[in-house]
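Trainee: I would be grateful for a close look at one part of this structure, the largest cavity. Which residues line the largest cavity?

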Amino acid sequence: MKWGSSNNTPQWENRVRLSARSRSGHLSVLVTGAAGFVGSHVSAALKRRGDGVVGLDNFNSYYDPSLKRARQKLLEQKGVFVIEGDINDEKLLKKLFDIVEFTHVMHLAAQAGVRYAMKNPGSYIHSNIAGLVTLFEACKSANPQPSIAWASSSSVYGLNSKVPFSEKDQTDQPASLYAATKKAGEEIAHTYNHIYGLSITGLRFFTVYGPWGRPDMADFFFTKNILKGSPISVFQGSNNKSVARDFTYIDDIVKGCLGALDTAEKSTGSGGKKKKNAQLRVFNLGNTSPVPVTKLVSILEKLLKVKAKRNVLPLPRNGDVMFTHANISYAQKEFGYKPTTDLQMGLQKFVNWYLDYYSIIEKKNY
């Protein structure tokens, strides 16, 4: 339901309150980007364990909005109300914090994608910087202030060559505008923590994949093109080495998100003023085992029983990096984060979902 004066009614407010209601002692969480890939999975997991969840999503057309609507429908069946609105809408955020005393915010709304930044740079500033500030402003003014966990990105490591990437490493060489906005977000988080006492945890996700995923991710568009018989582009570096990624299955990422929320300390400000120092953390959430993209393609070929038409190309200068590799020891120590799904198992689950979902779509179109 799109938010606006026409539906800003007692019934609408009741839907928000009902969705936010949690079991005794559980969290009440505002999830932004709730109809997105990670957001929908996190929202469902929170609701499943008894937390109150209110979702917010602008349903933009960066990729097929019907996939977002399908995720929204699933969440609504589970009792999660997903509001159609923008994180830059100050009035909407204020209204939500007036209606519900959220204990936590899980901020996953963002303009994603490394390559798209070359086509539409303004969308990254709008969502990832202006949107983050608008959200922090609402949280800083809320009473009580919520604890915040938010999606940074492994892309902040940019051109770093030391592996595995650790949270203590420098992150001042972003290779894309997307990475630069996520790095800026981490600095903005520091500011709001320092001045206003907001408890903030940044999560650097490493190449998340799985059912209900994003169509711009390799597992998704490779599967689509292999099934269509269309060629796929596989990039390699100057030494003929395949690009490698620390592919992380969605269920493992969800466990990390919940662990971050559960160990988040309370914010320390009130009335927009800090009373004492508040918690500020950043965690890598990865799988710790980078896999060459060529291996991803080989696994998909076996699962789909179709040979891929591979175009092997040099890695273009469009913001992509040669490899990512997460050191997850900090998350392991703080909340027992331990990924359990390898790429073979994760891709099997993704392919099962993909074939099932798109066979249903095809039947509906006939």
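Mentor: The answer below turns to the cavity and then to the chain around it.

This is a predicted model, in which local features need pLDDT of at least 70 and side-chain atom pairs count only at pLDDT 80 or more, while totals for chains, interfaces and linings use all residues. Residues are numbered from 1 along each chain as its sequence is written, and side-chain values use heavy atoms, with hydrogens and water left out.

Searching the whole structure yields 1 cavity of 30 Å³ or more. A cavity is a set of points, on a 1 Å grid over the protein atoms alone, where a 1.4 Å probe fits but cannot get out, and its lining residues have an atom within 4 Å of a point. The volume of the largest cavity, the space filled by probe spheres set on the points, is about 40 Å³. Its lining consists of His-107, Ala-109, Ala-110, Ser-127, Asn-128, Leu-132, Trp-150 and Lys-182. By class, the lining has 4 nonpolar, 3 polar and 1 charged residues; Ala, Val, Leu, Ile, Met, Phe, Trp, Tyr, Cys and Pro count as nonpolar, Asp, Glu, Lys and Arg as charged, and the others as polar. Helix α5 (residues 121–141) supplies the largest share, 3 residues; helices are DSSP runs of H or I with at least four residues, and strands are runs of E with at least two.

Around this cavity, the chain has 11 helices and 15 strands. Of its 366 residues, 57% count as buried, meaning under 20% relative accessible area with a 1.4 Å probe, protein chains only.

How values were computed:
1 Å grid on protein atoms, 1.4 Å probe; cavity = no way out; pocket = protein on both sides within 12 Å on 5 of 7 lines; lining within 4 Å. Buried < 20%, exposed > 50% of the residue type's maximum accessible area, 1.4 Å probe, protein only.
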